[in-house]
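This report describes a structure in terms of its strands, its nonpolar cores, its largest pocket and selected residues. The sequence and structure are shown first.

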Amino acid sequence: MGKAEFALKLAFALSMQPTSFKAVTYGNWQKRISFLSDIGYDGIELAVREPGKIDKEELQKALAGHRMELTAIGTGQAFLEEGLSLSDKSPAVRKKTVARIRQHIELANDFGSQVIIGLIRGNCKPGIGDRGMHFLGESCKEICDYAANSNTTVTIEPINRYETCFLNTVSETVSFISKIGYERLKILLDTFHMNIEEKDICESIGDARGHISHMHFSDSNRKYPGAGHINFREIAGKIKEIGYRGYISAEILPLPNFEISAKEFLRGVRRAFKK
Ligand code: LER
Ligand code: MN
């Protein structure tokens, strides 16, 4: 496919359960899949705290009925609501967290989806020091060993310093990925975090070329593109230039409400990618 034939694939992040994470929406997910499909989305991203509780058949039916894809599975709610963390100093907590991510991998594998390592990496606790990063590396190796027996990609998201002390920037994350050395360990770029941490968002997108498996778009204020001051037109140009083929997912505050934010997201992103 040539550059001129760039195909925009858009998804919207939904939560399967109530959550304290605000940039995701929770409600009747069947109705929301139907609404998103009707207005032009190609897929959804799902934030799943406990994969064992998901009715796969029901989900499969809802997706197939609307020709929607499950693009990625978020795991951060197991951290936010249960304190599970890949970098925790307690071996028991790390073990439980890796076991949970294995379940996410199984779910993702059934849907040809990928698993996001975002907030589940944990945050620095007093006295953890360099050990936190070491524990995170060891946990990720275990996760990758497990994922190697499936077709599932695991994607790590650089997250800004106010939410975690680990892997804030694209360059830190690309070198982390290279050290782990697993073919299907990729990077997820989120414009909200990049706006805080990167010197030049487009340059960093270029640096991550070849590693990117997923993207989150939200503006500087976590609302839909166009509601803040990020230059999405420049970002769109860079994404086309590097030949990115994956999804762009809306991880936005559902403001003023879910329906309007979903429509405005489509409008903002399409405007940015328009020739
Ligand atoms: C958290 O800020 C975020 O962007 C999520 O995608 C992390 O799981
Ligand atoms: Mn994100």
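In this predicted model, strand β5, helix α5 and strand β6 form a β-α-β unit that is right-handed. Helix α5 covers residues 131-147. The two strands, β5 (residues 114-117) and β6 (residues 153-156), run parallel and are joined by four bridges. Within this pairing, V115 of β5 stands opposite V154 of β6. The side chains of β5 are divided between two directions: Q114 and I116 point one way, V115 and I117 point the other way, and all are buried.

**Nonpolar cores**

The largest nonpolar core comprises 76 residues, of which L36, F217 and F265 touch the most other members. Helix α10 (residues 258-273) makes the greatest contribution to this core, with seven residues. Leaving aside residues up to four places away in sequence, F265 touches L10, A11, Y41, F217, Y224, P225, I248, S249, A250 and I252. A second core, separate from the largest, has seven residues, including A13, A47, L119 and I159. As a general background, nonpolar side chains tend to be buried together in soluble globular proteins.

**The largest pocket**

The largest pocket holds about 270 Å³ of space. It is lined by 18 residues, and those closest to its centre are E69, L70, T71, G112 and Y247. Two or more lining residues come from each of the elements α2 (56-65), β4 (69-74) and β8 (212-217).

**Two residues in their surroundings**

P18 is found in the loop between β1 (10-15) and β2 (25-26), whereas K186 belongs to strand β7 (residues 185-190). P18 counts as exposed because its relative accessibility is 54%, which is over the 50% cut-off. K186, by contrast, counts as partly exposed because its relative accessibility is 22%, a value between the limits of 20% and 50%.

The table gives the C-alpha separation of each residue from one other position.

| Pair | Separation in sequence | C-alpha to C-alpha distance |
|---|---|---|
| P18 and Y247 | 229 residues | 25 Å |
| K186 and H214 | 28 residues | 8.4 Å |

With residues up to four places away in sequence left out, P18 touches Y26, Q77 and E81. On that basis, K186 touches T153, V154, T155, I156, I177, G210, H211 and S213. Among these contacts of K186 is V154, the β6 residue that stands opposite V115. Y247, paired with P18 in the table, is one of the residues closest to the centre of the largest pocket.

Terms used. Residues numbered from 1 in each chain as written. Chains lettered and ligands numbered in written order. Predicted model: local features only at pLDDT ≥ 70, side-chain atom pairs only at ≥ 80, totals over all residues. Heavy atoms only, no water. Buried < 20%, exposed > 50% of the residue type's maximum accessible area, 1.4 Å probe, protein only. Pairing = 2+ DSSP bridges. Right-handed = clockwise from strand over helix to strand, strands pointing away. Core = buried A, V, L, I, M, F, W, Y, C linked by side-chain atoms within 4.5 Å. Contact = heavy atoms within 4.5 Å. 1 Å grid on protein atoms, 1.4 Å probe; cavity = no way out; pocket = protein on both sides within 12 Å on 5 of 7 lines; lining within 4 Å. Points joined across faces, edges and corners; volume = space filled by probe spheres on them.
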